[in-house]
Amino acid sequence: MAAKAKKKAAVIEAPIGERYEELKRMLTERQREIMNEVQGKIRDVRAEGADKDHEVLDPGETSEVDIQEDIEFALIQMKAETLNKINEALARLEEGTYGNCFECGEEIAQPRLRALPFAVRCKDCEEAREMAQQRERIQARRGSASLGFDMRG
Ligand SMILES: [Zn+2]
């Protein structure tokens, strides 16, 4: 029986540089994506605006176009805010503070950051926080209930 090399342990500690590169790539990719979308949307709005100068629309149609433009504008604004957040995240990455949990200081897992690039807590701390909040809510409800009982005397 030929001795095959044992499988290496699946968990390999990634060097700091690699994580930094990966996070940076993730953030800049998202940044580029959103910038393209925003530029595309601005072009669309401009094109529609240009069309409107030539066409004479019914009042009903005009207001529909206006509503559509408002929605587009709100979307662009939302994306601009996301871009600001990405810029902040990139600045924090340069400082070495991005991707670490605010509560315990541990590195936040990359899949979590991919799904939630602006997460400030690791999964454990976020869950603990949610549970604490839930307990507080239940206690607040119990507190007001017992207050009701006290008042009956
Ligand atoms: Zn944590």
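Me: In which helix do glutamate 126 and arginine 129 lie, and how many residues apart are they?

Reply: In this predicted model, both residues belong to helix α4, with their positions 3 residues apart in the numbering, about one turn of the helix. Glutamate 126 and arginine 129 form a salt bridge, and their closest N and O atoms are 3.3 Å apart. Glutamate 126 counts as buried at 18% relative accessibility, whereas arginine 129 is partly exposed at 31%.

Me: Which parts of the chain does the salt bridge between glutamate 107 and arginine 19 tie together?

Reply: The closest N and O atoms of this pair are 3.5 Å apart. Glutamate 107 lies in the loop between α2 and α3 and arginine 19 in helix α1, so the bridge ties together parts 88 residues apart in sequence. A second case is the salt bridge of glutamate 94 with lysine 24, at 3.1 Å from N to O. Here helix α2 supplies the glutamate and helix α1 the lysine, so parts 70 residues apart are tied together. The whole structure holds 10 salt bridges, and Glu22, Arg25 and Arg114 are linked in a network of them.

Me: Is arginine 19 buried or exposed, and what does its side chain meet?

Reply: Arginine 19 has a relative accessible area of 11%; because the limit for a buried residue is under 20%, arginine 19 counts as buried. A polar atom of its side chain lies 3.0 Å from the backbone oxygen of isoleucine 108. Beyond its sequence neighbours within four places, arginine 19 has contacts that include Gly99, Asn100 and Leu113. Its salt-bridge partner, glutamate 107, is partly exposed at 47%.

Me: How should the zinc site be read, and why is its arrangement tetrahedral?

Reply: Ideal angles for four tetrahedral donors are 109.5 degrees. In this model the SG atoms of Cys101, Cys104, Cys122 and Cys125 coordinate the zinc ion at 2.3 Å. The 4 donor atoms subtend angles of 103 to 116°, which makes the arrangement tetrahedral. Along the chain, the donors follow the spacing C-x2-C-x17-C-x2-C. Cysteine 104, in the loop between α2 and α3, and cysteine 125, in helix α4, are 21 residues apart and link distant parts of the chain. Cysteine 104 is partly exposed at 40%, while cysteine 125 counts as buried at 16%.

Me: Which residues touch the most other members of the largest nonpolar core?

Reply: In soluble globular proteins, nonpolar side chains tend to be buried together. The largest such core here has 17 residues, of which Leu27, Leu93, Tyr98 and Leu113 touch the most other members. Helices α1 and α2 are the elements that give two or more residues to this core, and the largest share, 6 residues, comes from α2. Among the residues that tyrosine 98 touches are Leu23, Met26, Ala89 and Pro117.

Technical notes
Residues are numbered from 1 along each chain as its sequence is written. This is a predicted model: local features need pLDDT of at least 70, side-chain atom pairs count only at pLDDT 80 or more; totals for chains, interfaces and linings use all residues. Side-chain values use heavy atoms; hydrogens and water are left out. Donors are N, O and S atoms within 2.8 Å of the metal (3.2 Å for Na, K and Ca); water is not among the atoms, so sites may look incomplete. Four donors count as tetrahedral if all angles lie between 85 and 135 degrees; four count as square planar and six as octahedral if opposite donors are over 155 degrees apart and all others between 65 and 115; anything else is irregular. Helices (H or I, at least four residues) and strands (E, at least two) are DSSP runs, numbered from the N terminus. Buried means under 20% relative accessible area, exposed over 50%, partly exposed in between (1.4 Å probe, protein chains only). A polar contact is a pair of N or O atoms within 3.5 Å; within protein, one must be able to donate a hydrogen and the other to accept it, and residues adjacent in sequence count only if both atoms are side-chain atoms. Contact means heavy atoms within 4.5 Å. A nonpolar core is a set of buried Ala, Val, Leu, Ile, Met, Phe, Trp, Tyr and Cys residues joined through side-chain atoms within 4.5 Å. A salt bridge is a side-chain nitrogen of Lys or Arg within 4 Å of a carboxyl oxygen of Asp or Glu.
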